[in-house]
Each structure stands twice: as structure tokens, then as C-alpha cells.
Amino acid sequence: MKSENKTSAWTPLDRVGLARRVAQDIPDGWYVNLGIGVPTLVANHVPEGREVVFHSENGILGLGPGPETDKINPWLVNAGKQYVTLVPGGSYFHHADSFTMIRGRHLDLCVLGAFEVAQNGDLANWTTATPGAAPAVGGAMDLAVGAKRLWVVMDHSTKEGKSKLVRKCGYPLTAPACVKRVYTSLAVLDVVSEGFRVVGMVPGLSFEELQSRTDADLFPLA
Amino acid sequence: MIDKFVNSVAEALEGIKDGATILVGGFGAVGQANQLIDGLIELGLRDLTVVANNAGYRQIGLARLLQLRRVRKIICSFPRIAGSTSFEDLYRAGEIELELVPQGTLAERIRAAGAGVPAFFTATAAGTDLALGKETREIDGRTYVLENALHGDVALVEAWRADRWGNLVYREAGRNFNPVMATAAALTIVQTQHVAKLGEIDPETIVTPGIFVNRVVHVPYGDPLIML
């Protein structure tokens, strides 16, 4: 097993670094849904001067940052049931309208976490199908097929050192061929017809080193 | 004169039978008609099918209904009880049936029921385990799954304000599934925090017009529980 942390030449991005990296690529004016975990952190790192409108499945457009503990509004939670705020211009609507926005291709972008992403864009992020465990899906399957673009943000490998970029997903699919781009702790990769095209790597990491840590076919940016 | 207000939770719930399918609004701890659910518990109703996004929170309302084994089946997108593993325990023990439905498909199946649409095609879940055994169709080169409308015998709705015609306004994220479910049941029962005089709610802001509502009970319980 190779450790991502012990190599001196390069350092993997941590959660905040990953969130910041994703946020850099979101243009002014987009409507964006963020999944639970690292994707939620993306909202905190949108570069100054860009107006990005965040959507939440439970009927909110214009999510703002989390409140101070003494200023919590118990009526205002996001899809992860965290307390949030509403920015000026924000709005509330019911669940059918909220998923009209999602399923009707009105969102410019959805950012989700994942267990695995396959090189054909298949996404597995809703269940590990552990026997006896109650499965839960939430809005993941709707977001995966409904947003105009789906980006995944995740560690490059599991804690056990197994590549999360794969040739074929082992876990049950959330949706086939839906992921456009993956931000891992080591690289940014686009899903193209031959596999993953590497569009960026953490400083000091070589393409060969990245490939050796990835259980999928990588192609360098031409 | 139309007056949908009733005097008590018990009166609001009159006529609900064992085995009923009950649509329960709410998302997390917000916008769930807990006092109506407590009323179901007091009535001793059992063998229920519950349609809800989550399985409740802690040991109150919906979570308690489940923990008391009053629910035979739950139709749900995210069957977890926040702050408790009791849903998983029931599921593992085979004491509850689960129909897992993607959240948007759940909302749309309920919307379709309210709108008189018997079924619809959606791309959600196509090519996944949740579409197994379902009819699919290719339309313009994309695969879609046929999903059926989801009706309730009863809908339990939480509103912020209501008038005697049953016109409703919700509060912030408390809206969620409530207005959709209000349209999709044979009997729609509302608990409201505030009572408005007829004509007092600005018609431009009414979210659920009274035609969808059968009974309203005034339950001024305050704010949802803060869970950190």
C-alpha cells in the first residue's frame, strides 16, 4: 500500500484544499447544487466577485453560509439538515418545484461525493450494499441525471489505498455515464471517450506516479 | 359556511383506519406535523404505510410511530432517524418493509397523484438497482423508467398560517413536501401554528389553496427542535 502523505515531492489536497480547487472553476452566475460532505464546503470558497446561487433539495435557492450558533433559525436547514441562512434574492418552494429544477435540467452544476467513478462516467455514491444495512438514496439519482453537469469531488484512494477511479464500478450505480469531471486529492480529470484525461495534478506529482495510483486508464492533456 | 377548523387533534384524525396509507410532510426536523402523528399513536392505529422523506428524528413523532411498530411499510428516500439507529434496527429485524424511492421521483409520484396523472417516465434511476423490474422506454435515445402515481388515504401537513377555508402558507424550509402531499390524499389534515381570518392572507402568497384541504387544527407548538 502506498501512502499519499509520506512522499516528499508532493502533497495531496485536504478537504478544504479540494473545496477551494472546485470553487475556482465555478463561473459567475451559475445555479449549483452541492452534495453532503466536501461538496458542501465548496460554497465557502467561491472567489470574490462571483455570484453563484446555491440550491438545496428541500426547497431553497440562495443558500447562504451557516449562522453563528446563537443565531440559528430552526426553520432553515439544507439538504444535509445543517442550519443555513438565506441570501438576499433567495427563495423558498416545495419539493416538486425543487426537483423540477433538478430533473428539468435547470441547474448548471451539481457537485457530489462518490465511492467510485468509472472511466465511462458511471457514478457509484449511494450505497455500498452492505448486507443488512438499510439503503438510503436521497436526491443523488435525480441530481446525477438532471443537472447540466455533474462533477465529483473525492479522495483519490480509499483509506485502505484502493483507487476510487476505476475501470468499472463495483458498487451499485447511482447513474450510468453521468460524471463529466472528477476532482480528487491528487488530480483533476475529465471523463472522455477513452478514459480519464488529466487536466491538472498537485504540484510535484508526475503523470506516471498518478497512473500507478489509479485503477483506470489515464491520458495526459495533449 | 365553510369552516375546516376542528377543535382537537382527535377530531382532526377521525375516521382514519388501520392499514391506511399516510403521506407525512417534513424534511429532517422541519415542517413535520408531529402533534398529528402523536395523535395517530394515541388512537392506536397500526399496520400503516407511511410515505415520508425521512424516518423522523430522535424518539418523537414519526420516529416514535416507527419505534412502536405501528408502521408496516415505509416509502421513503432517506430512511434514517436522525440521532437514532432505530430504523436500521427495525429494518435488520425484518419488522418493517422499505420501498426506497429517489427523492425527486417520490415528489413527482405524489405530485402526479394530486394532478390526476397515473404514471410518468423519468430518467432518474434508469440503469440502476432501483429500476429493477420496472418498465422502461427509450425516448429520443435516452432510457426512462415508468413510475406510478403515489396516492395517500390521508396527508398530514404542517402549515405556518391557515384560514377557515384551508388556505395555507408555510414557513421557510418547513414547506418541503407539505404542499405536494396536500394535493394527493383523499383526506388532507393540517396542523397550523397560526390562524388567519378569511381574507387576511394575501391571495398572491397563498401556497396551498383551500380546495386541497379537508380539516385544520390549531397547534401553536413553537419552533422545531434544534439538533446540533
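Which strand of chain B holds the place of G152(B)? The legends below take up this residue and then other parts of the predicted model.

**View 1. Surroundings of G152(B) in chain B.** G152(B) has its place in strand 9 of chain B, which covers residues 152–162. The residue is buried, because 25 other C-beta atoms lie within 10 Å and 20 or more are enough to count as buried. Apart from neighbours within four places in sequence, G152(B) is in contact with T21(B), I22(B), L23(B), V51(B), M181(B), A184(B) and A185(B). A115(B) can be used as a distance reference: 37 residues separate G152(B) and A115(B) in sequence, and their C-alpha atoms are 13 Å apart in space.

**View 2. Strands 4 and 5 of chain B, with helix 4 of chain B.** Strand 4 of chain B spans residues 71–76, strand 5 of chain B spans residues 97–100, and the two pair in the parallel sense over four bridges. Within this pairing, K73(B) stands opposite E97(B), a residue of strand 5 of chain B. Together with helix 4 of chain B, residues 86–92, the two strands make a right-handed β-α-β unit.

**View 3. Chain B as a whole.** Chain B contains six helices and 12 strands. Along the principal axes, the C-alpha atoms of chain B fill a box of roughly 50 × 40 × 35 Å. The radius of gyration of chain B is 18 Å, which agrees with the value near 17 Å for a compact globule of 228 residues. Of these 228 residues, 51% count as buried. Among contacts in chain B between residues at least 6 apart in sequence, 75% join residues that are at least 24 apart.

**View 4. Chain A as a whole.** Five helices and 13 strands make up the secondary structure of chain A. The C-alpha atoms of chain A fill a box of roughly 50 × 40 × 35 Å, taken along the principal axes. For 222 residues a compact globule would have a radius of gyration near 17 Å, and the 18 Å of chain A agrees with this. Buried residues come to 45% of the 222 in chain A. Of the contacts in chain A with a separation of 6 or more, 62% are between residues 24 or more positions apart.

**View 5. The side of chain A that touches chain B.** Here 33 residues of chain A are in contact with 41 residues of chain B. Helix 3 (95–103) and helix 4 (140–146) of chain A each supply at least two residues of this side of chain A. Helix 3 of chain A gives the largest share, five residues. By type, the residues on this side of chain A divide into 21 nonpolar, eight polar and four charged.

**View 6. Helix 3 of chain A and what covers it.** Seven of the nine residues of helix 3 of chain A are buried, so the helix is largely enclosed by the rest of the structure. The buried residues are H95(A), A96(A), S98(A), F99(A), M101(A), I102(A) and R103(A). What covers them includes, from chain A, strand 1 (31–34), strand 2 (53–56) and helix 4. From chain B, the cover includes helix 5 (103–115), strand 6 (119–122) and helix 6 (178–182). Helix 3 of chain A is followed by R105(A), which has a positive phi, near 60°.

How values were computed. Residues numbered from 1 in each chain as written. Chains lettered and ligands numbered in written order. Predicted model: local features only at pLDDT ≥ 70, side-chain atom pairs only at ≥ 80, totals over all residues. Rg over C-alpha atoms; globule rule 2.2 N^0.38 Å. Buried ≥ 20, exposed ≤ 12 C-beta atoms within 10 Å, placed from the backbone. Contact = placed C-beta atoms within 7 Å. Nonpolar A, V, L, I, M, F, W, Y, C, P; charged D, E, K, R; others polar. Pairing = 2+ DSSP bridges. Right-handed = clockwise from strand over helix to strand, strands pointing away.
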